[in-house]
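Have a look at this structure with me, and let us ask how each description of it is earned. Bring your questions along.

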Amino acid sequence: MTGPGTAARIDVLHVDDEPDLADLTAELLERADAQLAVHTAAHPDEGLRLLADRSVACVVSDQDMPGRTGIEFLEAVRETHPDLPFILYTGEGSERIAADAIAAGVTDYLRKSVGPDQYDVLANRIRNAVAARRATAEVERRRHRSEQLLKTVPSCVVRLDLEGRFVFANDRALEVLGLERDAVTDRTYNDPEWRITDLDGDPIPDAELPFRRVRDAGEPVYGVRHRIEWPDGTRKTLSVNGAPLFDADGAVE
């Protein structure tokens, strides 16, 4: 546990086929940042075994290694740890390697250099990568908790992505909108099966629908009343409240 003013430890796995260099890097990283605890492996296969046995917050790997390159190691890591921060830290660099690393899901890419400053840079990259991952995990944890709570709310609750596709609908919303849970993500706010009108039965322009107003203005709307008509003639009147959700950069999500 950590208390006020205490930084959480960051366990780092560093894989490099030159043991002396790996040990030196571990020592200098821990000297650059006391928050880091660096564990070393001399081969990607050893690194995979360590990943299976211990909790690691970030992987740092060389590229040019016998038996398995850093990118091949990255691909193997992604099979079991799709979101684990992975930094390719290599003396062998090229546009092709960088492109292949990005395609394989690398978090960051850093060329080795001469001098002690490189370890400060690497430590900073590790901290940033881990902080970003932990922030994302916390957002997902809160979102999952909120969705679990909202499932039993007696009002209709839905969440849409930027394209207007449903990503969540609680039980009441499924009932009112006539949706099956496994088909929710196939629908959009303006699904062709729904004819959306005002209370007089006139079509509402798409730009004036609640979702578009919230998304485009980034502001909530309250009490917007409209009707939905299904192909079988069923009609329901909805009163819609909508609010934007924002990502870490403050953009509408």
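Q: What makes Ile-196 a partner of strand 9, and which residue stands opposite Ile-196 there?
A: Ile-196 stands opposite Ile-228 in strand 9. Strand 8 and strand 9 are joined by three bridges in the antiparallel sense. Two strands pair if DSSP finds at least two bridges between them, so strand 8 and strand 9, with three bridges, count as paired. Strands here are DSSP runs of E, at least two residues long, and helices are runs of H or I, at least four long, both numbered from the N terminus.

Q: How should these descriptions be read, given where the model comes from?
A: This is a predicted model, in which local features need pLDDT of at least 70 and side-chain atom pairs count only at pLDDT 80 or more, while totals for chains, interfaces and linings use all residues. Residues are numbered from 1 along each chain as its sequence is written, and side-chain values use heavy atoms, with hydrogens and water left out.

Q: Why are strand 8 and strand 10 called edge strands?
A: Each of them pairs on one side only. The open sheet has three strands in the order 8-9-10, with antiparallel pairing. Its twist averages 35° from one strand to the next.

Q: What lies across strand 9 and strand 10, and at what angle to strand 9?
A: Helix 7 does, running at about 145° to strand 9. Such angles run from 0 to 180 degrees between N-to-C directions, with axes fitted as lines to C-alpha atoms, for helices over the stretch in contact. In helix 7, Pro-210, Phe-211, Arg-212 and Val-214 are buried, and their cover includes strand 6, strand 9 and strand 10.

Q: Why is Phe-86 called buried?
A: Buried means under 20% relative accessible area (exposed is over 50%, partly exposed in between, with a 1.4 Å probe and protein chains only). Phe-86 has 0%, so the word buried applies. The place of Phe-86 is in strand 4, and Val-59 stands opposite Phe-86. Contact means heavy atoms within 4.5 Å; beyond four places in sequence, the contacts of Phe-86 include Phe-73, Leu-74 and Val-77.

Q: What makes a group of residues a nonpolar core, and how many residues has the largest one?
A: A nonpolar core is a set of buried Ala, Val, Leu, Ile, Met, Phe, Trp, Tyr and Cys residues joined through side-chain atoms within 4.5 Å. The largest has 19 residues, and Leu-13, Leu-51, Val-59, Phe-86 and Leu-88 have the most contacts inside it. Helix 3 gives the largest share of this core, four residues.

Q: How do you know that both faces of strand 3 are covered?
A: Cys-58 and Val-60 on one side, and Val-59 and Ser-61 on the other, are all buried. In a regular strand the side chains alternate between the two faces of the sheet. Strand 3 runs parallel to strand 1, joined by four bridges, and pairs in the parallel sense with strand 4 over three bridges.

Q: Why is helix 1 called roughly perpendicular to helix 5?
A: Their packing angle is about 70°, with the axes 9 Å apart. That angle makes helix 1 roughly perpendicular to helix 5, since 65 to 115 degrees counts as roughly perpendicular (under 35 is roughly parallel, over 145 roughly antiparallel, the rest oblique). In this contact, Leu-28 and Leu-29 are among the helix 1 residues that meet helix 5, whose residues there include Leu-122 and Ile-126.
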